[in-house]
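Colleague: Could you walk me through reading a sheet and a core in a model like this one? Let's pull it up.

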Amino acid sequence: MTIPATMTAIDPEAAGGPEVLVPMTRPVPQPGPGDVLVRVAAAGVNRPDVLQRKGGYAPPPGASSIPGLEIAGEVVAVGDDVPREMIGQPVCALVAGGGYAEYCVAPAGQCLTVPEALTMVEAAALPETLFTVWTNLFERGFASDGDTVLVHGGTSGIGTMAITLCGLFGIDIIVTAGSPDKIAAAKALGATHAIDYKAEDFVARVKEITGGKGVQVVLDMVGGDYVPRNLQCLAEDGRHVSIAVQGGPTATIPIFDIMRRRLTLTGSTLRNRDVAFKTLVADELSRTVWPHVEEGRLKPVMDRTFPLTQAADAHRRMEAGDHVGKIVLTM
């Protein structure tokens, strides 16, 4: 296969609004040791991409300045220490950047084979939310069969993935969303309960739903004044897992109450973790979750696709907040 020297990519020269996301010509990246080069068929759009575009979330050292944290496509070249048998394989991958382009380098260990049950567009919508929800809700939050969890942003990519995984693993999930239509969508996707946070006090509703016991885990992407309210939703020995701070990076918390009820506050970011960690997560997902994908029981909830050249419109849709599920760019 002939690989061109240049490619079309979205690589803003300065921070700004969606209008900075214009197609440019960039050199095709070269795979280093342990890497593969993927001819990208589709790339997921995620909120960290929006933050990067605005100048608030710089790529980690060594990562591409091109946004995009998840891709799907065909392996067309491999670096040292990667079996040549990977060439020609359809894969999806979690990447630290570079997804908004016709070609992208990915660590081989962070790739998962795309089964026949998925389209490339669906495959591109999986890695970022799947890795995030698995490592935070299941590994850091220890959610397990029989638990009840609370997840904010129930119709986001993270929220819809959490609903799907909880359904597969026997966990009751309460989600919040911001409109009657989104509440209906979350319930249709399998949420056990859905709360309109604009019309109801989610703390009171969680206590009502759980008979006053509270939930075992809260997965929070809001931060700010949601944190002390989330703690009120937790059962004894409950776990609060923070994955974003859309509502603010600081919170005032009741320390004695945390001590008295033995609560755990934790959280993580994924993008800056090293390849070894992400490879371990990919291996675990391949054993525990990917069989459900291969059998067609786990698919991402899709909102809308946009051509790569319309990346600005994709970001406008995400920022408007009207989407349900994943937004994906196609090449």
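Modeller: Start with one pair: T264 in β13 is the bridge partner of R239. Strand β12, residues 234-242, pairs with β13 in the parallel sense over four bridges. Pairing needs at least two DSSP bridges, and strands are DSSP E runs of at least two residues, helices H or I runs of at least four, numbered from the N terminus.

Colleague: Before we go on, what are the ground rules?

Modeller: This is a predicted model, where local features need pLDDT of at least 70 and side-chain atom pairs 80 or more, while totals for chains, interfaces and linings use all residues. Numbering runs from 1 along each chain as its sequence is written, and side-chain values use heavy atoms, without hydrogens and water.

Colleague: In what order do the six strands of the open sheet run?

Modeller: In general, strands of a sheet pair through backbone hydrogen bonds, either parallel or antiparallel. Here the order is β10-β9-β8-β11-β12-β13, with parallel pairing. β10 (193-196) and β13 (264-267) are at the edges with a single partner strand each, so one side of each lacks a neighbour in the sheet.

Colleague: Which strands does helix α4 lie across?

Modeller: Contact means heavy atoms within 4.5 Å; angles, from 0 to 180 degrees, compare N-to-C directions of axes fitted to C-alpha atoms, for helices over the stretch in contact. Helix α4 (157-168) lies across β8, β9 and β11, at about 165° to β9. Helix α5 (180-189) touches β9 and β10, making about 170° with β10.
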